[in-house]
Amino acid sequence: MEGAGYKVVFEKGGVYLHTSAKKHQDPDSLIAGVIRVVEKDSDVLLQWVPVEEAGDSTQILFAKKDVSGGDACTSEEEPTFDPGYEPDWAVISTVRPQPRHSEPTRGAEPSSPRGSWAFSVSLGELKSIRRSKPGLSWAYLVLVTQAGGSLPALHFHRGGTRALLRVLSRYLLLASSPQDSRLYLVFPHDSSALSSSFHHLQLFDQDSSNVVSRFLQDPYSTTFGGFSRVTNFFRGALQPHPEGASPDLPPPPDDEPEPGFEVISCVELGPRPAVERAPPVTEEEWAHHVGPEGRLQQVPMLKARIFSGGLSPGLRREAWKFLLGYLSWEGSAEEHKAHVRKKTDEYFRMKLQWKSVSPEQERRNSLLHGYRSLIERDVSRTDRTNKFYEGPENPGLGLLNDILLTYCMYHFDLGYVQGMSDLLSPILYVIQNEVDAFWCFCGFMELVHGNFEESQETMKRQLGQLLLLLRVLDPSLCDFLDSQDSGSLCFCFRWLLIWFKREFPFPDVLRLWEVLWTGLPGPNLHLLVACAILDMERDTLMLSGFGSNEILKHINELTMKLSVEDVLTRAEALYRQLTACPELPHNVQEVLGLVPPTEPHSPSPPASPLPLSPTRAPPAPPPPEDTAPQPDSSLEILPEEEEEEEGEEEESVKS
């Protein structure tokens with residue numbers, strides 16, 4: 001549909017109008033259409049047309065439903081919708097924009113009832129854009145014009161709101177309202193319009209007559225108190241030249257940033273460095289680090305070697321006890337023996353607690369009975385193809401069962417959750433001692449116990465952090481996944497829940513875990529492992545035209561087909577590429593462990609388009625989150641049914 005003076009720069013199907021105020025729309029009230037951003041002559045237009053009209057929309061300008069056949073403006077007698085379940089623009093607003101009198105309405109009168117809803121508006125006429133609340137089924141956008149009217153709400157049944165906003169930001173300055181994080185204020189690249197907008201929004205306490213001049217000279221000091229978020233386009237267009245700065249203005253507040261300032265920007269990363277993995281640490285090399293009294297020496301160097309090469313199989317039984325915190329890196333051989341004796345007594349006291357419960361008691365203890373039943377079911381199907389666990393009367397299965405039941409006595413609040421048997425199995429396989437394996441398992445659970453908590457806040461935070469890293473590393477892949485209703489990365493849920501246990505062959509899992517347990521190069525290497533896998537599969541995903549179901553199917557089919565050395569090499573290269581960026585956003589630095597977190601248990605990063613905070617200021621506390629369905633701890637992930645644009649809910653369905 002490109003011709004002389006006409007170019008389509010963005011197009012997205014599956015964008016519906018909901019013409020009924022009911023919560024559950026009937027088919028007749030849904031109008032499917034296509035949204036486009038079009039460059040026409042010297043103007044840029046936003047157009048929506050129904051599917052039967054999608055072939056020719058270049059001549060539509062505010063062509064609205066007009067029952068009288070006259071002017072397209074709204075009749076005073078026309079009733080307004082009462083959406084009931086979502087008061088702010090859940091369905092089409094009946095307030096419709098007036099056509100510009102300076103330019104007559106072009107195009108023939110609509111030929112079909114559905115075609116009467118088509119519209120086309122110049123981007124310069126937009127005043128604000130409102131996004132939907134999370135958890136409201138399909139995400140939607142409502143566009144308000146300078147005249148005060150609103151265009152029909154656009155419901156994106158196949159995703160794409162974030163991609164559309166990113167395209168609009170090429171032509172407009174989008175700033176999130178300080179009063180409403182879901183409302184984007186639209187500014188043209190025009191100082192008089194900016195001044196007028198500042199005046200009406202009352203963003204500054206002073207008179208707005210000289211705001212723009214001060215803003216052009218020093219955008220930071222002028223806007224920190226007014227805006228909570230601005231785009232990088234806003235910042236780039238108005239950044240002053242050094243020679244033009246006023247000498248009497250204070251410098252940008254580097255040392256005392258005001259809260260609530262967040263830049264929505266694209267980060268320019270440098271080239272990805274080449275990384276080579278080292279050979280595994282051998283028993284002889286480990287022995288060189290054992291000093292007098294059996295104390296380990298040069299521990300940081302030893303950990304770095306484990307990170308870069310892993311451990312030889314014969315060394316794992318001893319080294320894992322240190323990596324998982326069962327034995328102290330600084331302790332002597334005698335101190336370790338005393339510690340093991342103490343922990344052995346403690347283990348059998350806890351084991352006796354459930355062993356001494358009679359069948360009669362257990363019938364009246366539904367919690368213990370439930371744990372026992374769940375553990376027996378999961379153990380019976382955990383790694384049964386491994387020789388250590390194969391066969392009906394395998395003693396390894398009994399040890400798995402006993403250790404997991406004892407853990408329920410050790411951690412009453414958490415108990416047993418599906419997936420824990422997957423974490424214990426490799427540890428018991430390597431350690432081959434019930435007591436030592438239990439305490440090593442407890443050390444592992446100290447790292448990942450949040451994954452199994454009922455609130456799922458830890459999983460939500462990790463998925464948000466993974467999305468943040470992926471946006472910096474590969475925004476094009478993020479746009480593609482978002483356009484296919486996969487932007488929530490729910491297909492990565494199992495990866496993070498049990499640390500890729502079911503994605504790699506058993507020996508590769510052992511290598512992967514011991515590398516992750518070193519804590520190097522930062523606390524969230526497992527997120528970069530996930531990024532590395534997606535990076536390896538990006539071309540397959542993006543060039544094959546996969547939809548959400550095909551994406552999920554392809555990710556599941558990667559099981560046992562990945563090379564752990566290739567993945568670890570790429571993950572380390574991604575880490576080095578990120579850390580080499582001189583302007584890495586502050587919240588990305590937090591995820592990588594380069595700076596301490598602003599809040600110890602802050603919620604997951606907000607999921608507005610590219611929510612990257614500036615390096616000069618810590619991110620503001622996010623707005624209160626709406627209550628939304630939480631994911632459970634299932635391991636079988638099914639296709640998501642609803643778009644979750646805010647990135648705050650990640651769902652999985654139990655097997």
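## A buried aspartate in helix 11

Leaving aside neighbours within four places in sequence, aspartate 378 is in contact with Tyr416, Gln418, Gly419 and Ser421. The model that shows these contacts is a predicted one. Aspartate 378 lies in helix 11, which covers residues 366-379. Its relative accessibility is 3%, and it therefore counts as buried, since the limit for a buried residue is under 20% relative accessible area.

## The chain as a whole

The protein chain contains 22 helices and 11 strands. Of its 655 residues, 54% are buried.

How many of the contacts between residues at least 6 apart in sequence join residues at least 24 apart? The share is 70%. Individual examples of such contacts appear in the sections below.

## Helix 12 against helix 13

Two packed helices are described by the angle between their axes and the distance between the axes. For helix 12 (residues 395-410) and helix 13 (residues 420-431), the axes come within 10 Å and cross at roughly 125°. The two helices are therefore oblique to each other, because an angle of this kind falls outside the ranges for roughly parallel, roughly perpendicular and roughly antiparallel. The crossing of helix 12 and helix 13 is right-handed.

Helix 12 contributes Gly396, Leu399, Leu400, Ile403, Leu404 and Tyr407 to the contact, while helix 13 contributes Met420, Ser421, Leu424, Ser425 and Leu428. By class, the residues of this contact are eight nonpolar, three polar and no charged. An α-helix has 3.6 residues a turn, so residues three or four places apart point the same way. Ser421 of helix 13 takes part in the contact with helix 12, and Ser421 is also one of the residues in contact with aspartate 378.

## Tryptophan 320 and the packing of helix 8

Tryptophan 320 is located in helix 8, residues 316-323. Is this residue buried or exposed? With a relative accessibility of 0%, tryptophan 320 counts as buried. Apart from residues up to four places away in sequence, tryptophan 320 touches Leu311, Pro426, Ile427, Val430, Ile431, Cys440, Leu510, Glu514 and Trp517. One of these partners, glutamate 514, is 194 residues from tryptophan 320 in sequence, yet their C-alpha atoms are 7.3 Å apart in space.

Tryptophan 320 also belongs to the contact between helix 8 and helix 18: Arg316, Trp320 and Leu323 in helix 8 meet Pro507, Leu510, Arg511, Glu514 and Trp517 in helix 18. By class, this contact has five nonpolar, no polar and three charged residues. The axes of helix 8 and helix 18 are 10 Å apart and make an angle of about 40°, and the crossing is left-handed.

## Unusual backbone positions around helix 18

Most residues other than glycine have a negative phi, and most peptide bonds are trans. Which residues in the loop between helix 17 and helix 18 have a positive phi? Tryptophan 499 has a positive phi of about 55° although it is not a glycine, and it lies in the loop between helix 17 (493-497) and helix 18. Phenylalanine 500, also not a glycine, has a positive phi of about 65° and is placed in the loop between helix 17 and helix 18. Tryptophan 499 counts as buried because its relative accessibility is 8%; phenylalanine 500 is buried, with a relative accessible area of 0%.

Another exception concerns a peptide bond. The bond from leucine 520 to proline 521 is cis, with omega near -10°. Proline 521 is found in the loop between helix 18 and helix 19.

## Helices 15 and 21

Helix 15 has 17 residues and extends 24 Å from its first C-alpha to its last, close to the 24 Å expected at 1.5 Å a residue. This helix is mostly covered, with 15 of its 17 residues buried.

Helix 21 (residues 564-579) has 16 residues and reaches 22 Å between its first and last C-alpha, close to the 22 Å expected at 1.5 Å a residue. Its buried residues are Val564, Val567, Leu568, Ala571, Glu572, Ala573, Leu574, Tyr575, Gln577 and Leu578. What covers these residues? The cover includes helix 7 (299-309), helix 15 (457-473), helix 18 (506-517), helix 19 (525-543) and helix 22 (586-592). Helix 18 thus appears both in this cover and in the contact with helix 8.

Methods: Residues are numbered from 1 along each chain as its sequence is written. This is a predicted model: local features need pLDDT of at least 70, side-chain atom pairs count only at pLDDT 80 or more; totals for chains, interfaces and linings use all residues. Side-chain values use heavy atoms; hydrogens and water are left out. Axes are lines fitted to C-alpha atoms, for helices over the stretch in contact, and angles run from 0 to 180 degrees between N-to-C directions. Helices (H or I, at least four residues) and strands (E, at least two) are DSSP runs, numbered from the N terminus. Angles under 35 degrees count as roughly parallel, over 145 as roughly antiparallel, 65 to 115 as roughly perpendicular and the rest as oblique. A crossing is left-handed if the near helix is turned anticlockwise from the far one by less than a right angle, and right-handed if clockwise. Contact means heavy atoms within 4.5 Å. Ala, Val, Leu, Ile, Met, Phe, Trp, Tyr, Cys and Pro count as nonpolar, Asp, Glu, Lys and Arg as charged, and the others, Gly among them, as polar. The expected span of a helix is 1.5 Å times one less than its number of residues. Buried means under 20% relative accessible area, exposed over 50%, partly exposed in between (1.4 Å probe, protein chains only).
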